[in-house]
Amino acid sequence: MPHKKTTPEKIKSVLPSGRTDTSFFEQVYDVARQVPRGRVTSYGAIAAYLGAAKSARMVGWAMNGAFHVKPPVPAHRVVNRNGMLSGKMHFSTPTKMEELLKKEKISVKNDAVVDFEKKFWDPSVELEL
DNA sequence: CCCATGACGCGGC
DNA sequence: GGCCGCGCCATGG
């Protein structure tokens with residue numbers, strides 16, 4: 001396969017061409033779905049869990065397609081390593097992410113999760129293989 | 001093909 | 001201990 005692409009467009013319908021393994025995106029979504037209500041995790045934590053510690057960025061990129069996949073992915077439970085809602089702008093409305101979190105009893109102040117350390121859910125720890 | 005741009009993170013200062 | 005620079009990796013111009 002000369003040129004394998006993975007555009008959000010394609011992710012919507014089918015997995016990236018040329019991918020024999022379970023796509024990276026699929027795995028990211030799978031882990032994200034297992035984050036319990038009232039808890040949050042980080043892009044880096046997911047990346048590390050998937051053995052791609054250096055691809056935290058790709059995890060964030062993958063979340064772009066999280067809105068049109070099924071079953072739904074609780075993308076609002078994924079924040080950056082500082083507990084900040086760095087992806088709020090990618091939701092339907094800039095305040096959606098925060099609203100969803102507060103609905104789960106997670107306090108948000110200045111675009112950051114309050115008591116992030118306590119709410120943090122690390123797949124590498126909680127989700128023993 | 002080279003450059004810029006990210007829902008990121010670590011290491012240096 | 002916060003701020004800045006650089007590495008990552010896929011995309012788009």
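User: Hi! Which helix gives the most to the surface near DNA strand B?

Analyst: Hello! That is α4, with 5 residues. Keep in mind that we are looking at a predicted model.

User: Noted. Which helices each supply at least two residues there?

Analyst: α3, which covers 43-49, and α4 each do so.

User: And how many residues surround DNA strand B in total?

Analyst: There are 17 of them, and the closest are Y43, G44, F67, R81 and H90.

User: What's the split by class on that surface?

Analyst: Near DNA strand B you get 7 nonpolar, 8 polar and 2 charged residues.

User: How much of the DNA side of this is sugar and phosphate?

Analyst: Looking at the atoms of DNA strand B that come within 4 Å of the protein, sugar and phosphate make up 45%.

User: Nice. Which side chain has an N or O atom 2.7 Å from a base nitrogen?

Analyst: The side chain of Y43 does, and the base nitrogen belongs to DNA strand B. A base nitrogen of the strand also lies 3.0 Å from a polar backbone atom of M63.

User: What about R81, which part of the DNA is 2.7 Å from its backbone?

Analyst: A phosphate oxygen of DNA strand B, and on the protein side the partner is a polar backbone atom of R81.

User: Let me switch to the rings. How many aromatic pairs are there in the whole structure?

Analyst: The search finds 3 aromatic pairs. One of them is F25 with W61, an edge-to-face pair with 5.1 Å from centre to centre and 70° between the planes.

User: Where do those two residues sit?

Analyst: F25 is in helix α2 (residues 24-33) and W61 is in helix α4 (residues 56-63), so the pair links distant parts of the chain, 36 residues apart. F25 is buried, at 6% relative accessible area, while W61 is partly exposed at 31%.

User: F67 came up by the DNA. Which ring does F67 pair with?

Analyst: F67 pairs with F91, again edge-to-face, with centres 5.1 Å apart and 85° between the planes. F67 lies in the loop between α4 and β2 (78-79), and F91 in the loop between β2 and α5 (96-103), so this pair ties together parts that are 24 residues apart in sequence.

User: Is F67 buried or partly exposed?

Analyst: Partly exposed: F67 has a relative accessible area of 44%. Its partner F91 counts as buried, at 11%.

User: Different topic: R77. Where is R77 in the fold?

Analyst: R77 is also placed in the loop between α4 and β2. R77 is buried, since its relative accessible area of 10% is under the 20% cut-off.

User: Interesting for an arginine. Which side chain makes a polar contact with R77?

Analyst: The side chain of E104 does, at 2.8 Å. Leaving out residues up to four places away in sequence, R77 touches V35, P36, R37, R39, V40, T41, L101 and E104.

User: And which residues does F120 contact?

Analyst: With neighbours within four places set aside, F120 is in contact with R39, V40, T41, S42 and A45. F120 sits in the loop between α6 (116-119) and α7 (123-126), and F120 counts as partly exposed at 24% relative accessibility.

User: S42 is on that list. What can you tell me about where S42 is?

Analyst: S42 belongs to strand β1 (residues 41-42). S42 is buried, at 7% relative accessibility, and a polar atom of its side chain lies 3.0 Å from the backbone nitrogen of A45. Beyond four places in sequence, S42 touches V78, V79, N80, R81 and F120.

User: Oh, R81 again, the one with the phosphate oxygen! Zooming out, what does chain A look like overall?

Analyst: Chain A has 7 helices and 4 strands, in the order α-α-β-α-α-β-α-β-β-α-α along the sequence. Of its 129 residues, 40% count as buried.

User: Last two: what share of the contacts is long-range in sequence, and how much accessible surface is there?

Analyst: Among contacts with a separation of 6 or more in chain A, 61% come from residues 24 or more positions apart. The accessible surface of chain A is about 7800 Å², with 53% of that belonging to carbon and sulfur atoms.

Terms used
Residues numbered from 1 in each chain as written. Chains lettered and ligands numbered in written order. Predicted model: local features only at pLDDT ≥ 70, side-chain atom pairs only at ≥ 80, totals over all residues. Heavy atoms only, no water. Phe/Tyr/Trp six-rings, centres within 6.5 Å; stacked < 30°, edge-to-face > 60°. Buried < 20%, exposed > 50% of the residue type's maximum accessible area, 1.4 Å probe, protein only. Contact = heavy atoms within 4.5 Å. Areas by Shrake-Rupley, 256 points an atom, 1.4 Å probe, with all protein chains shown as cover. Near = heavy atom within 4 Å. Polar contact = N/O pair within 3.5 Å; in protein donor to acceptor, adjacent residues only side chain to side chain. Nonpolar A, V, L, I, M, F, W, Y, C, P; charged D, E, K, R; others polar.
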